[in-house]
Amino acid sequence: MLVSGRFVAGAVKQDNGLSASRPGSRGRMLLAGLVALLLLSLPRVMLAKDADCLSCHSDKTMQDASGKNVGVDAPLFHSSVHGSLGCSDCHSDVHDYPHPEHPAAVQCVTCHADESKAIAGSIHAKASTHPCTSCHGNAHEIFPKGDPRSAVYPLNIPKTCGTCHGNRALAQKYGLENVYSVYMDSIHGYAVSKEGLLVAANCMSCHGSHNILSHKDPRSPTNKANIAATCGSCHGGVKAQYMSGVHGKQMASGNMKAPVCTDCHTAHAILEPTLASFRMQSTPICGSCHKEQMATYRDTFHSQLGLLGGYVQTARCWDCHGAHEVLPASDPRSPVAKANLIKTCGKCHADANASFVEYQPHANPRNRSLNPELYYIRLFMNLLLWSVLGFFALHTLLWFIRSKREQEKNGSTGEAKHD
Ligand code: HEC
Ligand code: HEC
Ligand code: HEC
Ligand code: HEC
Ligand code: HEC
Ligand code: HEC
Ligand code: HEC
Ligand code: HEC
Ligand code: HEC
Ligand code: HEC
Ligand code: HEC
């Protein structure tokens with residue numbers, strides 16, 4: 001059915017001169033006959049020329065019977081990466097007019113086998129009606145990935161993925177987090193969207209493009225075992241520090257209980273670590289695994305200060321231990337090794353000296369071998385407390401028994417006696 005009403009199939013054919021023939025000499029007649037024969041044997045090819053399809057479809061307001069837009073922006077198509085292709089290179093079942101009302105879906109795989117294979121094996125294999133245009137946008141307006149008009153230009157990627165991953169209903173349906181808005185508020189999202197920083201992490205930097213897998217898949221760059229390498233592809237210096245610390249070493253040796261970048265920084269809500277909001281919430285980050293040190297830290301002045309009114313300047317775990325090259329206290333390179341304490345505490349306590357650093361940041365009165373004095377003081381105080389309590393309990397009991405006996409002796413109630 002023709003909605004635009006400007007064209008009929010016959011007119012298209014005449015424009016192409018397929019049925020035209022001219023009189024002339026026999027030779028000319030022969031030649032013309034041969035040409036006509038040739039042309040008539042190739043009418044489908046002739047019709048498949050862009051101009052032929054566009055003679056109808058370049059009307060951008062053109063609609064099909066159901067009201068769906070079937071117009072093509074011809075200048076945009078010709079400037080696109082596929083601009084030199086013929087319409088039928090993709091719409092391989094449309095060669096003529098009238099053509100099928102609903103031609104077969106275009107198979108990008110015929111020319112892009114690698115990408116198609118990668119998508120087929122990815123989490124997105126069944127994510128949408130057209131596996132390719134869901135990210136690349138309108139098939140007639142695809143630009144090279146380095147062109148700012150491309151849907152997969154680095155700065156456009158978050159928005160492209162966000163069309164689905166910023167969608168509440170989809171997040172609920174698949175039980176996924178709605179990561180888009182969280183990411184946009186992060187340092188990376190800010191750098192991409194506000195600073196236009198091409199080298200900042202967009203979704204693809206961490207997830208890949210066509211071969212995106214669940215983070216549970218060991219091959220995924222977002223799998224715990226691969227996170228240091230993924231973040232480290234940009235943060236090379238930090239990765240090197242992390243790998244030479246105890247956490248990185250434990251990870252490398254397969255201890256999945258050790259933290260990776262995202263355990264401390266999160267994946268999508270990454271903040272500038274100097275921000276108050278990061279410093280204020282980060283003690284529990286180390287403390288979630290080091291419960292004992294967390295508990296003892298909680299008892300100290302540094303933590304109490306941090307809790308009272310959210311004082312940002314106080315010592316957080318990493319102010320003493322470092323954040324990435326975290327080492328055991330027994331390692332002479334550790335900032336909490338005895339020999340380094342004056343320097344470490346001195347970052348904030350300008351007058352720190354040998355006696356000042358005697359102060360124990362993890363004083364634990366319950367541990368005799370680590371803190372003998374505190375242990376015995378606590379033991380003594382507890383004994384004192386319990387013996388006093390015990391004395392009074394016994395005293396009260398004896399008193400009670402005695403008064404009962406007296407009551408029995410007098411043969412009357414306590415109240416009566418008082419009266
Ligand atoms: C004479 C005008 C005309 C020509 C020439 C023409 N088409 Fe169409 N085309 C239409 C109309 C009208 C529709 C709307 C569908 C319908 O209702 O039949 C349409 C629809 C389509 C659709 C969409 C069908 C759908 O699923 O919604 C495709 C794809 C298409 N044409 C491709 C082509 C290609 C490729 C060529 C060139 C080989 C071409 N057309 C030539 C008129 C034309
Ligand atoms: C790179 C491949 C490619 C080329 C080249 C191409 N198309 Fe398409 N076209 C598609 C895809 C993909 C769709 C979406 C529907 C589908 O999956 O089949 C589409 C859809 C259409 C539609 C339906 C309306 C729409 O936007 O969904 C029309 C009409 C159409 N194409 C016409 C043309 C015409 C005319 C040309 C030549 C100027 C052309 N196409 C060239 C891939 C292509
Ligand atoms: C989940 C989103 C997504 C889907 C779905 C998707 N792509 Fe891509 N595609 C991308 C991104 C992102 C890039 C940019 C890659 C880069 O910069 O290295 C890209 C780049 C490309 C490139 C350029 C490759 C290069 O290295 O130059 C081609 C070709 C391509 N895609 C084809 C396809 C085809 C074909 C399909 C369907 C089978 C498809 N894409 C589906 C996101 C997607
Ligand atoms: C008939 C073959 C053919 C079909 C079908 C085809 N393409 Fe292409 N595509 C090409 C060619 C040729 C290029 C240009 C390659 C180049 O310049 O290196 C290209 C380039 C691309 C690029 C840009 C790569 C870059 O440099 O960033 C993307 C993205 C892409 N195609 C996606 C698609 C999608 C999506 C489909 C299906 C809707 C599709 N192609 C269908 C032939 C095809
Ligand atoms: C800095 C790296 C990084 C960036 C940038 C990033 N992600 Fe992630 N993403 C991850 C990691 C790592 C995981 C694995 C789960 C986790 O650690 O929270 C993940 C998990 C996911 C999940 C699965 C969540 C779930 O509930 O299982 C989705 C969906 C997702 N990312 C989409 C996106 C989208 C969309 C963007 C861009 C807007 C994006 N990611 C940007 C690293 C990143
Ligand atoms: C057409 C909508 C759509 C687009 C566009 C899209 N996704 Fe998805 N994505 C989904 C759906 C639906 C799922 C859930 C699939 C499932 O669980 O079967 C999903 C799942 C994911 C997961 C989950 C993996 C996990 O850990 O469980 C990640 C990561 C992801 N997408 C990243 C991206 C990135 C990055 C982009 C952009 C390059 C993107 N998606 C674009 C629809 C989309
Ligand atoms: C594609 C490169 C790239 C990847 C991959 C990447 N980042 Fe970043 N990241 C950047 C850039 C660039 C900045 C600086 C942004 C700015 O300053 O505006 C940054 C900033 C940061 C900051 C803030 C630094 C500061 O001094 O304020 C943290 C923390 C961070 N990234 C952590 C991570 C983590 C964790 C991962 C992995 C889950 C990761 N990044 C993956 C490029 C990347
Ligand atoms: C054990 C928790 C933890 C782990 C694991 C961790 N970080 Fe950090 N990171 C921090 C803390 C805490 C800070 C703040 C340091 C400060 O303010 O002195 C920080 C700071 C940063 C910064 C800002 C620049 C700097 O050096 O201060 C970047 C970038 C960064 N981390 C990236 C990463 C990357 C990439 C990884 C993985 C290779 C990683 N982090 C692993 C806790 C961690
Ligand atoms: C995801 C859990 C986890 C997080 C988060 C974590 N750690 Fe660890 N940490 C470990 C594991 C596992 C080890 C190595 C096993 C062990 O010896 O306890 C370790 C070892 C250490 C050691 C050396 C202890 C020793 O006995 O050798 C120090 C010091 C340390 N972590 C400090 C920190 C600090 C400071 C932070 C926060 C910036 C932090 N950790 C965050 C799990 C974690
Ligand atoms: C004011 C500085 C300071 C702060 C803040 C601090 N620590 Fe410590 N930490 C030390 C010192 C000094 C030692 C070594 C002496 C000791 O064990 O008491 C130590 C020891 C440790 C050890 C044992 C290391 C080993 O090799 O045995 C772990 C684990 C640890 N701290 C974790 C944490 C965590 C987690 C936090 C935050 C909740 C934290 N620390 C806060 C200074 C600090
Ligand atoms: C990140 C900065 C920072 C670091 C590092 C730090 N402190 Fe503190 N500390 C503070 C702040 C802030 C206060 C509260 C203000 C004050 O009294 O100076 C405080 C208070 C104290 C107090 C109680 C008040 C006082 O001054 O007597 C002691 C004791 C103390 N720190 C010991 C230490 C020791 C020992 C170390 C090294 C193992 C250390 N601190 C490392 C910031 C820090």
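This text walks through two ligand shells, two nonpolar cores and two backbone details of one structure. The model is predicted.

Start with ligand 2. Its shell counts 19 residues. Cys 53, Cys 87, Cys 90, Val 106 and Ala 139 are the closest. Two helices give two or more residues each: H4, spanning 50–57, and H6, spanning 87–90. H4 provides the largest share, with 4 residues. Sorted by class, this shell holds 11 nonpolar, 6 polar and 2 charged residues.

Now turn to ligand 9. Here 20 residues form the surroundings. The closest are Pro 259, Cys 286, Cys 289, His 321 and Pro 328. Four helices each supply at least two residues of the shell. They are H16 (246–252), H17 (261–265), H19 (283–287) and H22 (317–321). The class count for ligand 9 is 12 nonpolar, 6 polar and 2 charged.

Next come the cores. In soluble globular proteins, nonpolar side chains tend to be buried together. Which residues make up the largest nonpolar core in this model? There are 8: Cys 135, Ala 151, Val 152, Ile 157, Cys 161, Ala 201, Cys 203 and Cys 206. Helix H9 (157–165) supplies at least two of these core residues, and so does helix H13 (203–207). A second core is separate and has 7 residues. Among them are Ile 227, Cys 231, Met 251 and Cys 261.

Look again at Ala 151, a member of the largest core. Leaving aside residues up to four places away in sequence, Ala 151 touches Cys 135, His 136, Gly 137, Asn 156 and Thr 160. Of these contacts, Cys 135 also belongs to the largest core.

Two backbone details remain. Most residues other than glycine have a negative phi, and most peptide bonds are trans. Where does the model hold a cis peptide bond? The bond joins Tyr 97 and Pro 98, with omega at about 0°. Pro 98 sits in the loop between H6 and helix H7 (113–120). H6 also gives two or more residues to the shell around ligand 2.

The other detail is Thr 266. Its phi is near 70°, a positive value in a residue that is not glycine. Thr 266 lies in the loop between H17 and helix H18 (276–281). H17 also contributes at least two residues to the shell around ligand 9. Is Thr 266 buried or exposed? Thr 266 counts as partly exposed, because it has 13 C-beta neighbours inside 10 Å. The buried class needs 20 or more, and the exposed class 12 or fewer.

Methods: Residues numbered from 1 in each chain as written. Chains lettered and ligands numbered in written order. Predicted model: local features only at pLDDT ≥ 70, side-chain atom pairs only at ≥ 80, totals over all residues. Near = placed C-beta within 6 Å. Nonpolar A, V, L, I, M, F, W, Y, C, P; charged D, E, K, R; others polar. Core = buried A, V, L, I, M, F, W, Y, C linked by C-beta atoms within 7 Å. Contact = placed C-beta atoms within 7 Å.
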